[in-house]
Amino acid sequence: MTVITHDYVPVVPYTTNVVTLGIGQRTDVLVKATMAPNSAVFMRSNITQHCSTANQPNAVAAIFYEKADRTKTPNSTATTFDDSKCGNVRTRTPATS
């Protein structure tokens, strides 16, 4: 995904697999759909126990492409990330067109 703003302030776009947000923070991202027209995947929100006391730390939303079979559960795996500092610690890659 490409991050384009933090808290409504434009930033130099960069590509990342993980965005860490605090309470009340907002980030606008662009997600490029590159899978087959019959694909379905989950978009995930994971809050690690290390960084939060949330009662329900995981959330998923199904994304169905136009020709996907909506009767089947999407198949995907969570991205692993370093949460040791509870922030955006992954290497950022400048966005390319």
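Strand β4 supplies the largest share of the lining of the largest pocket, namely six residues. The structure described here is a predicted model. The largest pocket has a volume of about 1400 Å³. Its lining comprises 40 residues, of which M1, N17, V19, R44 and S45 are the closest to the centre of the pocket. The elements that contribute two or more residues to this lining are β3 (27–30), β4 (40–46) and β5. In terms of residue class, the lining of the largest pocket consists of 22 nonpolar, 14 polar and four charged residues. As a general basis for such an analysis, rolling a probe the size of a water molecule over the atoms shows where empty space is left.

The secondary structure of the protein chain is made up of six strands, with zero helices. Read from the N terminus, the order of the elements is β-β-β-β-β-β. The protein chain has 97 residues, and 15% of them count as buried. V41, a residue of strand β4, has a relative accessibility of 18% and is therefore classed as buried, since the limit for this class is under 20%. Between the C-alpha atoms of V41 and A68 the separation is 9.9 Å, although these positions lie 27 residues apart in the sense of an offset along the chain. That is, V41 and A68 are 27 residues apart along the chain.

At the N terminus, M1 is located in the segment before β1 (2–6). M1 has a relative accessibility of 32% and so counts as partly exposed, the range for this class being from 20% to 50%. Together with V29 and V31, M1 forms a nonpolar patch on the surface, and the accessible area of these three residues together is about 230 Å². M1 is also one of the residues closest to the centre of the largest pocket.

Two residues in the loop between β1 and β2 have a backbone conformation that merits comment. Most residues other than glycine have a negative phi. D7, placed in the loop between β1 and β2, has a phi near 50 degrees, which is a positive value in a residue other than glycine. Y8 lies in the loop between β1 and β2 as well, and its phi, near 70 degrees, is likewise positive in a residue other than glycine. With a relative accessible area of 37%, D7 is partly exposed. Y8, by contrast, has a relative accessible area of 60% and is therefore exposed, as the limit for that class is over 50%.

Further pairs of residues that are separated in sequence were examined by their C-alpha distances. T20 is situated in the loop between β2 (9–15) and β3, and its relative accessibility of 27% places T20 in the partly exposed class. The C-alpha atoms of T20 and D83 are separated by 9.0 Å, while the two residues are 63 residues apart along the chain. D82 occupies the loop between β5 (58–64) and β6 (93–94). Its relative accessible area is 41%, so D82 is partly exposed. From C-alpha to C-alpha, D82 and V18 are 9.6 Å apart in space, with a sequence separation of 64 residues.

The loop between β5 and β6 also contains A78. A78 is partly exposed because its relative accessible area is 41%. In sequence, A78 and N46 are 32 residues apart, and their C-alpha atoms are 8.5 Å apart in space.

How values were computed. Residues numbered from 1 in each chain as written. Predicted model: local features only at pLDDT ≥ 70, side-chain atom pairs only at ≥ 80, totals over all residues. Heavy atoms only, no water. Patch = residues over 30% accessible without salt bridge, like charges linked within 9 Å, V, L, I, M, F, W, Y side chains within 5 Å. Areas by Shrake-Rupley, 256 points an atom, 1.4 Å probe, with all protein chains shown as cover. Salt bridge = Lys/Arg side-chain N within 4 Å of Asp/Glu carboxyl O. Helix = DSSP H or I, 4+ residues; strand = E, 2+ residues; numbered from the N terminus. Buried < 20%, exposed > 50% of the residue type's maximum accessible area, 1.4 Å probe, protein only. 1 Å grid on protein atoms, 1.4 Å probe; cavity = no way out; pocket = protein on both sides within 12 Å on 5 of 7 lines; lining within 4 Å. Points joined across faces, edges and corners; volume = space filled by probe spheres on them. Nonpolar A, V, L, I, M, F, W, Y, C, P; charged D, E, K, R; others polar.
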